[in-house]
Amino acid sequence: MTSDPDGPLFHMGWYHLFYQYNPDSAVWGNITWGHAVSRDLIHWLYLPIAMLPDKWYDINGVWTGSATLLPDGKIMMLYTGDTNKNVQVQNLAYPANLSDPLLLNWVKYAGNPVLEPPPGIGPKNYRDPTTGWIGPDGKWRIIVGSKKGETGLSLVYKTTDFINFELNDHYLHAVPGTGMWECVDFYPVSLNGSKGLDTSVNGPQVKHVLKASMDDTKVDSYALGTYYVENDTWVPDNPVEDVGIGLLLDYGRYYASKTFYDQVKQRRILWGWINETDTEYTDLEKGWASLQTIPRTVLFDNKTGTNLLLWPVEEIESLRLSSVEFEGVLVEPGSVVPLNITQATQLDIFAEFEIESLASGGISNDSVDCGRGSSDRSAFGPFGILAIADDALSEQTPIYFRLSDTSLGNSTTFFCVDETRSSKASDVAKPVYGSQVPVFSDEKLSMRVLVDHSIIESFAQEGRTVISGRVYPTEAIYGAARLFLFNNATGINIKASLKIWQLNSAFIGPFPFDQIQSE
């Protein structure tokens, strides 16, 4: 089983990803750090396990951690260990040989742990150190996730050497009622621009993202705000949408995400984990469980000013094979239109939708949300595509919009994924996922959908709202899978234009040590 992404970084021509990994089973336990490398973030090669739970301070698990790249080229890897007494502590590891592009061997610092739970923090509520950032005083800062009572919070530490740490006497931030904050992440985004920022950047043209994985609800929540370096506190732009009570990075099955700054392409890249929604028995039977999403770039949405834009890394295009285009396909109320493509299990789909109102008055009195799924009809939705569907539509996963108004600038618009009919199997979760998505009057409704057999990653309006899901079809598999347009609105025609690429496999496998390691 794999889970949380750990310590992503770029080193000597290779992207590195470490991850929570149970080498013995497809269920959680015996957590080590798996390790893989890639030249392009898409084609990955497995390396030997990077760290095993073999010391008293991590004997019950080498848990989540983050890498900090120092200006002199050193790499500091802080990670949580679960001790022989089930206490969560923070440990330091570093590469045995920085001149090794593959970073095969890791040394655990002899003086570990470098951090233990401070007074008032529970021994099981203290984990997941972040990448460090450096302040004007020359000291590095990291945060660690925790809680007090039901208040989720992030502790701030300062250090100059990643061995000796000083705890700030106040939190970076805390939000009552949100429970334990796991896998915290903290980084700057540029207010205008298409590049990511190094984690230490701050200034007037910068906002800071604070993200935490909510242990109680298993979602990744974030908020935008201002970081005050003089006292290491962060204040949300909108307290109503604070961490844990506001926006999510992904409104589907998605957790334990972590970003890193790609210094080569000057972008911030987000990794996230999609776990299974079937049974442990099924996972054991198939021999694997859980996976990482396609990496996503992170930018500030300077059009709304209130959210991030998340988008698949451009390298996904290296998997594209043949493509087909459909222009202005009319989809009338209550109808389903098949799209004639050769295979529908590995796709990169771009779709735009135009609306033609069939009655006077473009405002609906229907409540606007995702409804009970795509069969729940209203005046202006749902409409969109049916992915991983069979010919008889006995299995289907609709990805759709629902509107309150035919004038997009005035509409409350929801973007949704309905898994209620995704599988005939009885022992899998089949939720309806979704959220509101901002749409401006000068925009078209648009979605991008990456389909990969049991994984569907959906992006609305250039990545303002993202939904990842797992589906387990029994009929709509391999050559029997199809793609359709549908319109279940009662008061509008839809005109859809699409460009669809078939995607190749990424051919993930073990690193070929018998071949030359560098090109």
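Biologist: Leaving aside neighbours within four places in sequence, which residues is Leu483 in contact with?

Modeller: This is a predicted model, in which local features need pLDDT of at least 70 and side-chain atom pairs count only at pLDDT 80 or more, while totals for chains, interfaces and linings use all residues. Residues are numbered from 1 along each chain as its sequence is written, and side-chain values use heavy atoms, with hydrogens and water left out. Contact means heavy atoms within 4.5 Å. With neighbours within four places in sequence set aside, the contacts of Leu483 are Pro338, Leu339, Ile341, Ala344, Leu347, Ile349, Ile385, Leu386, Ala387 and Ile500.

Biologist: Which strand gives the most to the largest nonpolar core?

Modeller: A nonpolar core joins buried Ala, Val, Leu, Ile, Met, Phe, Trp, Tyr and Cys residues through side-chain atoms within 4.5 Å; buried means under 20% relative accessible area, exposed over 50%, partly exposed in between (1.4 Å probe, protein chains only). The largest core has 78 residues, and Leu483 is among those with the most contacts inside it. Strands are DSSP runs (E, at least two residues) numbered from the N terminus. With 6 residues, the largest contribution to this core comes from strand 36.

Biologist: Is Glu443 buried or exposed?

Modeller: Glu443 meets Arg464 in a salt bridge of 2.9 Å, N to O, the term requiring a side-chain nitrogen of Lys or Arg within 4 Å of a carboxyl oxygen of Asp or Glu. Both residues lie in loops, so the pair ties together parts 21 residues apart in sequence. Arg464, at 10% relative accessibility, counts as buried. At 17%, Glu443 likewise counts as buried.

Technical notes: Helix = DSSP H or I, 4+ residues; strand = E, 2+ residues; numbered from the N terminus.
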